[in-house]
Amino acid sequence: MNKIISPAEAVSHIKDGHTVAVGGFGLVGCPLTLVEALADHPVSALTIISNNVGEPGGKGLGKVLLQNKIQKAIGSYFTSNVDAVRFVKEGKLEVELVPQGTLGERLRAAGAGIGAFYTRTSAGTLLAENKESRIIEDKEYILEYPLFADVALIKAKKADVLGNLVYSKTARNFNPDMAAAAKITIVEVEEIVDAGELDPEQIITPHLYIDFIVERKR
């Protein structure tokens, strides 16, 4: 199977109402070519799982936000984008705030087949309201559930034609966890090489998790 497709073909898998996981910490590790294609794709009522919703002035996911395509955002750090803050105040965007460690673990749980887990993070705060809790060794823990996605748009440094992935330093961030948490995973890469060219010890995401590969627009 040839996994290499165009950005437009990639985002055609995203439908109205889908939950879409998008990698990145700010714009670092964000699949910007795929996000740009998503901005050109006629779709609505999306739920976006991402650390943040792009940056002000329509950068990254910020452009998709300004197009009113995002109904709900699940992530950790939305205040870096004043447009997102404005949309929340105007009732145009619903947000679910998740601590960064918990966000990563909920995504990892989805890919690992973990039904739920307890964490001390958010205990005693507003983020724990209406959530089940449990006292373990005299400390309160909050029950959290996996985060599944219909489609994941992720970014890696390099892929072979099978879809084995190598990441670049901190640009790795949430991308590997998202790759395993989605029904369809699409990766944007800077370079595509033949099978066997990648050092097996450097491969982080195995090809079985990757459905499609898009080469970054230069």
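**Figure 1. Secondary structure of the chain.** The chain of this predicted model contains six helices and 11 strands. Among these elements are strand β2, at residues 46–49, and helix α3, at residues 61–66.

**Figure 2. Overall dimensions of the chain.** Computed along the principal axes, the C-alpha trace would be described by a span of about 55 × 40 × 25 Å. A compact globule of 218 residues would have a radius of gyration near 17 Å, and the chain agrees with this expectation because its own value is 17 Å.

**Figure 3. Interior and contacts of the chain.** Of the 218 residues, 48% are buried. Among contacts with a separation of 6 or more, 73% join residues that lie 24 or more positions apart.

**Figure 4. Surface and charged side chains.** The exposed area of the chain is about 10500 Å², of which carbon and sulfur atoms supply 51%. The side chains include 24 positive and 28 negative ones, and 4 Å separates the centres of the two sets.

**Figure 5. Close-up of S50 in its loop.** Residue S50 belongs to the loop that runs between β2 and α3. S50 is classed as buried because its relative accessibility is 4%, and the cut-off for a buried residue is under 20%.

**Figure 6. Close-up of the contacts of S50.** Apart from neighbours within four places in sequence, S50 is in contact with V22, G23, L61, I74, G75, S76, F78, L103 and M178. One of these partners, M178, is 128 residues away from S50 along the chain, yet the C-alpha atoms of the two residues are 9.4 Å apart.

Conventions:
Residues are numbered from 1 along each chain as its sequence is written. This is a predicted model: local features need pLDDT of at least 70, side-chain atom pairs count only at pLDDT 80 or more; totals for chains, interfaces and linings use all residues. Side-chain values use heavy atoms; hydrogens and water are left out. Helices (H or I, at least four residues) and strands (E, at least two) are DSSP runs, numbered from the N terminus. The radius of gyration is taken over C-alpha atoms; the globule rule is 2.2 Å times the number of residues to the power 0.38. Buried means under 20% relative accessible area, exposed over 50%, partly exposed in between (1.4 Å probe, protein chains only). Contact means heavy atoms within 4.5 Å. Accessible areas come from the Shrake-Rupley method with a 1.4 Å probe; for residues, only the protein chains shown count as cover. Lys and Arg count as positive and Asp and Glu as negative; His and the chain ends are not counted. The place of a charge is taken as NZ of Lys, CZ of Arg, CG of Asp or CD of Glu.
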